[in-house]
Amino acid sequence: MKPRQLILKCLAKKQGDQWVAFCLDFDLAAQADTLPEVKSLLEAQIKEYVFDALAGDDKGYADQLLTRRAPWFLWAQYYLAGFKEKVLHLHNLLRFKERMPLVPDCHRLAA
């Protein structure tokens with residue numbers, strides 16, 4: 001596994017009075033009232049997803065689950081947000097990265 005594959009690309013945007021965040025590498029989404037809350041929810045969802053794919057009930061489907069990607073239009077928004085940040089200095093979409101969880105949750109393994 002290459003080091004860049006350990007960093008997951010994520011995107012957050014405000015829709016009305018809610019924040020929505022996406023993990024593009026696994027096609028996951030979370031919704032919350034604040035940016036810190038939505039990022040925390042997405043991080044927890046990523047950890048649960050990776051655990052289930054590698055050690056949980058879904059490990060038989062790990063190849064499919066760990067290569068599932070978000071639709072192209074979300075990737076386009078991600079790269080457009082990067083362009084807007086660097087060139088136009090606009091920040092209406094927030095790009096961020098999460099680390100791939102590599103350490104299994106010991107409490108879940110004991111259960």
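# Elements, cores and contacts in a predicted model

From the N terminus on, the elements of the protein run β-β-β-α-α-α-β-α, where helices (H or I, at least four residues) and strands (E, at least two) are DSSP runs, numbered from the N terminus. The model is predicted: local features need pLDDT of at least 70 and side-chain atom pairs count only at pLDDT 80 or more, while totals for chains, interfaces and linings use all residues. Residues are numbered from 1 along each chain as its sequence is written, and side-chain values use heavy atoms, with hydrogens and water left out.

Q: What percentage of the residues in the protein are buried?
A: A residue counts as buried under 20% relative accessible area, as exposed over 50%, and as partly exposed in between, with a 1.4 Å probe and protein chains only. Of the 111 residues in the protein, the buried share is 37%.

Q: How far apart are the end C-alpha atoms of helix α1?
A: Helix α1 covers residues 35-54, which makes 20 residues. The expected span is 1.5 Å times one less than the number of residues, so α1 should span 28 Å. The model agrees with this expectation, as the end C-alpha atoms are separated by 29 Å.

Q: Which residue has a side-chain oxygen that reaches the backbone nitrogen of Glu37?
A: The contact belongs to the start of α1, where the oxygen comes to within 3.2 Å of that nitrogen. A polar contact is a pair of N or O atoms within 3.5 Å; within protein, one must be able to donate a hydrogen and the other to accept it, and residues adjacent in sequence count only if both atoms are side-chain atoms. The residue that supplies the oxygen is Thr34.

Q: Which residue forms a salt bridge with Lys47?
A: A salt bridge is a side-chain nitrogen of Lys or Arg within 4 Å of a carboxyl oxygen of Asp or Glu, and by this rule the count comes to 1. Both partners lie in helix α1, 4 residues apart, about one turn of the helix. Lys47 is partly exposed at 46% relative accessible area, and its partner, at 31%, also counts as partly exposed. The closest N and O atoms are 3.4 Å apart, and the partner of Lys47 is Glu43.

Q: Which element gives the largest share of the largest nonpolar core?
A: A nonpolar core is a set of buried Ala, Val, Leu, Ile, Met, Phe, Trp, Tyr and Cys residues joined through side-chain atoms within 4.5 Å. In the largest one, with 17 residues, Cys23, Phe26, Leu28, Val38, Leu42 and Ile46 touch the most other members. Two or more residues come from each of β1 (7-15), β2 (18-23), β3 (28-32) and α1. The largest share, 6 residues, is that of α1.

Q: How are the rings of Tyr78 and Tyr79 arranged: stacked, tilted or edge-to-face?
A: Rings of Phe, Tyr and Trp (its six-membered ring) pair if their centres lie within 6.5 Å, and planes under 30 degrees apart count as stacked, over 60 as edge-to-face and the rest as tilted. Tyr78 is buried at 2% relative accessibility, whereas Tyr79 is partly exposed at 47%. Ring pairs also link Trp75 with Tyr78 and Tyr79 into a cluster. The ring centres of Tyr78 and Tyr79 are 5.1 Å apart and the planes stand at 90°, so the pair is edge-to-face.

Q: Which side chain of opposite charge is nearest to Lys13?
A: Lys13 lies in strand β1, and the residue is buried yet has no salt bridge. A polar contact of 3.0 Å does join the side chains of Lys13 and Gln77. Lys and Arg count as positive and Asp and Glu as negative, with His and the chain ends not counted. At 12 Å away, the nearest side chain of opposite charge is that of Asp27.

Q: What value does the phi of Asp27 lie near?
A: Asp27 is in the loop between β2 and β3, and at 32% relative accessibility the residue counts as partly exposed. Most residues other than glycine have a negative phi. In Asp27, phi is positive, near 55°.
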